[in-house]
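Dear colleague,

I am handing over the structure below, and I would be glad if you kept it open while reading the notes that follow.

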Amino acid sequence: MKKIVLQEKLRELVPMTEQQYAYVLSHFSCRQLKKKDYLYTHGEICKYVVYCEEGCFRKFFLDTNGNEIVVEFNIEGYWVGDLHSRVNKVPTKFFFQALEDSTLQVASVADWDKLASEIPSLAEVRTKVEKRNHHADIEQLMLQKYSTAEEKLDFLMKKLPGITNRIAGKYIASYLGIEPESYSRLKNKLTRKT
C-alpha cells in the first residue's frame, strides 16, 4: 500500500500540514490492474479520482465502424479518467485500458469533494488540476484534428519520453490516425532526426 508517489505529487501541488497530507492520503486506497484490464468502459460514470503510481493506460473510443481510436496515453504521475464524466456524473464515452500492470491510488469522488471542502488549499489545487486537464483535453483535440501524424508523434515523444518503447505500435498508430506500417517508418524517421 505505497502512497509515497501520490504524497510527493501532492507536495508539488499544494502546501499542507503533515496531518493534512496524512488525512488526504487516508482517503486513497491502492488498486492493482493487470495489463489489458479496464479502469472504466464506455457508458460507466467515472466515480473515482485515480492517480497512476506505476503503469500505462490508453484512452480510446469506438468509431461508427467499431474501430478503436486512441486519443490519449497516461503513465505514472498522471491522473486517469474522464473529468467530464466525473464532474457532471454522466457516462463516459471512452474506455481506459491498462497497457501494463499498473498501481493506482483511488479515492471516491464523494471523498475528494469532502476533502476539498475541508482543506481550502486542496480545493485550490483541485481547481488548478481540473483546469489543466481541461486545457490538455482541448490541446489533444486540436492536435488530433489539425496536426500531421509526424507532429502528433513528435508531441507524444516529447510529452512522454520512452513511450514508444513501452507500448505496442498499433496503439500509437491508432493515436496518430495511420496504419501500423506507416507508424514504423515514421518512428524510424523521427528517431534518426534526434
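Is Tyr-38 buried, partly exposed or exposed? With a relative accessible area of 33%, Tyr-38 is partly exposed, because the buried class ends at 20% and the exposed class begins over 50%. Please keep in mind throughout that this is a predicted model.

Before more residues, here is the chain as a whole. The secondary structure of the protein chain comes to eight helices and eight strands, and its C-alpha atoms fill a box of roughly 55 × 35 × 30 Å along the principal axes. A compact globule of 194 residues would have a radius of gyration near 16 Å, and the 18 Å of the protein chain agrees with that. Of the 194 residues, 42% are buried, while the accessible surface comes to about 10,600 Å², with 54% of that area belonging to carbon and sulfur atoms. When contacts with a separation of 6 or more are considered, 70% of them join residues that stand 24 or more positions apart. As for charge, the chain has 30 positive and 26 negative charges, and the mean positions of the two groups are 2 Å apart.

Now to the aromatic rings, where Tyr-38 comes back into view. The structure holds 10 aromatic pairs. In one of them, the ring centres of Tyr-38 and Phe-60 are 6.4 Å apart and the planes stand at 55°, so the pair is tilted. This pair links distant parts of the chain, since Tyr-38 belongs to strand E2 (residues 38-40) and Phe-60 to strand E4 (residues 56-62), 22 residues apart. Whereas Tyr-38 is partly exposed, its partner Phe-60 is buried, with a relative accessible area of 2%.

Another of the pairs brings together Phe-73 and Tyr-175, whose ring centres are 5.6 Å apart and whose planes are at 50°, so this pair is tilted too. Here a strand is linked to a helix: Phe-73 is in strand E5 (residues 68-75) and Tyr-175 in helix H7 (residues 169-176), with their positions 102 residues apart in the numbering. Phe-73 counts as buried at 2% relative accessibility, and Tyr-175 counts as buried at 2% as well. Elsewhere, Phe-28, Tyr-51, Trp-79 and Trp-112 form one aromatic cluster.

Two further residues may help you find your way around the model. Asp-137 lies in helix H5, which covers residues 120-146, and is partly exposed, with a relative accessible area of 33%. Setting aside residues up to four places away in sequence, Asp-137 touches Lys-59 and Glu-72. Computed along the sequence, Asp-137 and Leu-83 are 54 residues apart, and from C-alpha to C-alpha they are 9.5 Å apart in space.The second residue, Ala-98, is placed in strand E7 (residues 95-98) and is buried, with a relative accessible area of 1%. Which residues does Ala-98 touch, not counting residues up to four places away in sequence? They are Leu-33, Lys-34, Lys-35, Lys-36, Asp-37, Cys-56 and Phe-57. The C-alpha atom of Ala-98 is also separated by 7.3 Å from that of Gly-55, although the two residues are 43 residues apart along the chain.

With kind regards

Definitions and conventions
Residues are numbered from 1 along each chain as its sequence is written. This is a predicted model: local features need pLDDT of at least 70, side-chain atom pairs count only at pLDDT 80 or more; totals for chains, interfaces and linings use all residues. Side-chain values use heavy atoms; hydrogens and water are left out. Helices (H or I, at least four residues) and strands (E, at least two) are DSSP runs, numbered from the N terminus. The radius of gyration is taken over C-alpha atoms; the globule rule is 2.2 Å times the number of residues to the power 0.38. Buried means under 20% relative accessible area, exposed over 50%, partly exposed in between (1.4 Å probe, protein chains only). Contact means heavy atoms within 4.5 Å. Accessible areas come from the Shrake-Rupley method with a 1.4 Å probe; for residues, only the protein chains shown count as cover. Lys and Arg count as positive and Asp and Glu as negative; His and the chain ends are not counted. The place of a charge is taken as NZ of Lys, CZ of Arg, CG of Asp or CD of Glu. Rings of Phe, Tyr and Trp (its six-membered ring) pair if their centres lie within 6.5 Å; planes under 30 degrees apart count as stacked, over 60 as edge-to-face and the rest as tilted.
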